[in-house]
Amino acid sequence: MTDAPADVVESVEPSRRSRRRWRRTAVVFGILALLFGVPWWTLLATPADWPPAVFVTGTLFFAAAFVATPVLMSLGHGRRHLDWAAVTAVTLLGTAWVLFVWSMLGQVMRLVLQLVGVEDQARSRIVSLAVVTVAVALLGWGFVEAMRVPRVKKVDVAGTRFGRGLDGLRVAVITDTHYGPIDRARWSAAVAARVNELRADIVCHVGDIADGTVEIRENQAGALASVEATSALVYVTGNHEYFSEAQEWLDYMESIGWEALHNRHIVVERGGDRLIVAGVDDATAKASFVDGHGEDLDAALADADRNLPILLLAHQPKQVVHAARAGVDLQVSGHTHGGQIWPFNFLVRLEQPVVHGLSRHGERTQLYTSRGTGFWGPPFRVFAPSEITLLTLRCA
């Protein structure tokens, strides 16, 4: 038996990595080609007979955006971390998504106009103008929705195991603040002030604090130090913490007065009744290979009195599968952003059991999924408003 030559063995793995890298690149450029190509075709290339200057200018814009987006994304999220490049790239992506969606719907409009006898040139111009008008309106409104301080959404949650002393206990939920390339320090302070107005017993941050390390995002996250609760401030990691020093964020939150529920629990007492408040790491934590991290509900509930009701913080709604098996009464999650930009909510639903709102899982477990307090990536929210949630426990 003979061994394979060392140089052959050593060349196999780099070759595989190279092929995977090229496949990923091809997929990315394929998606970008669709996002920018379909709007270009709908607005410019159909028989609208636009003046040459309009056609050439529009074509150059789409071509420049197609080329610039991956370059700017690399500059913004690669080693250089240029915030202006990241903001420009995600804004282009958000704009392309909205134009793509409404260009597709424009094709339906085109068919209807054809059926009623509108001639080719007029039909194409009507569709183009309609798509641009709707897209501009939605992007403007979506930007305002993304940047405003969220409204408070109030929800009552009735549970048979919530004792009378817990009836009326108020749980304020913020999540997915995503402090990032756009400096939202003033927004963050306004969110903290609005949460404090609620005078909640428990305030939860359910992960995805920021895109970046504590060092570069502390100026925005620092407002969380002013948040107040009568009983407990609690926090768990989201998936984005595992892109940028999860343990550092856990330590930071502890340093400003929050209980970091890193697979552990605390007990809150009110009116003679007690509530277990537990938290687990995000579902992606184990795959991130950060030492000591990984979703572990058994560890979070270790030594807990299982006769007491349990409130669980878990970033992703799909983690409710483990919560239902463990007999958790209420899980609070974020992650979905409610889809953020319609109709992305339908794609989110392919991965998560719930996109937003209160739902029941199994005989005992309820899940509240927040649309999120901030936004990720494109600074737009279309048909998916942000929220600060106030959950009020009720003794059923």
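Let me start with Arg148, which is buried at a relative accessible area of 15% (buried is under 20%, exposed over 50% and partly exposed in between, with a 1.4 Å probe and protein chains only). Before going on, a word on the source: this is a predicted model, where local features need pLDDT of at least 70 and side-chain atom pairs count only at pLDDT 80 or more, while totals for chains, interfaces and linings use all residues. Residues are numbered from 1 along each chain as its sequence is written, and side-chain values use heavy atoms, leaving out hydrogens and water.

So, what does Arg148 pair with in a salt bridge? Its partner is Glu145, with the closest N and O atoms 3.1 Å apart; a salt bridge here is a side-chain nitrogen of Lys or Arg within 4 Å of a carboxyl oxygen of Asp or Glu. Glu145 is buried too, at 8% relative accessibility. Arg151 joins these two in a network of salt bridges.

The structure holds 12 salt bridges, and I'd like to show you two others. Asp120 meets Arg123 with the closest N and O atoms at 2.3 Å. Both sit in helix α4 (residues 120–147), three residues and about one helical turn apart. For the helix and strand names, we take DSSP runs numbered from the N terminus: H or I of at least four residues for helices, E of at least two for strands. Asp120 is partly exposed at 42%, whereas Arg123 is buried at 10%.

The other one joins Arg270 and Asp201, at 3.7 Å from N to O. This pair links distant parts of the chain, 69 residues apart: Arg270 is in strand β6 (264–270), and Asp201 is in the loop between α5 (185–197) and β3 (202–205). Arg270 is partly exposed at 26%, and Asp201 is buried at 12%.

Now, on to the pockets. On a 1 Å grid over the protein atoms alone, a pocket is an open set of points with protein on both sides within 12 Å along at least five of seven lines, and lining residues have an atom within 4 Å of a point. The largest one holds about 750 Å³ of space, a volume being the space filled by probe spheres set on the points, which are joined across faces, edges and corners. Its lining has 25 residues, and Gly339, Gln340, Phe344, Trp376 and Pro378 are the closest to its centre.

The second largest pocket has about 470 Å³. Which helix gives the most to its lining? That is α3, with three residues. Thanks, everyone!

Terms used:
On a 1 Å grid over the protein atoms alone, a cavity is a set of points where a 1.4 Å probe fits but cannot get out, and a pocket is an open set with protein on both sides within 12 Å along at least five of seven lines; lining residues have an atom within 4 Å of a point.
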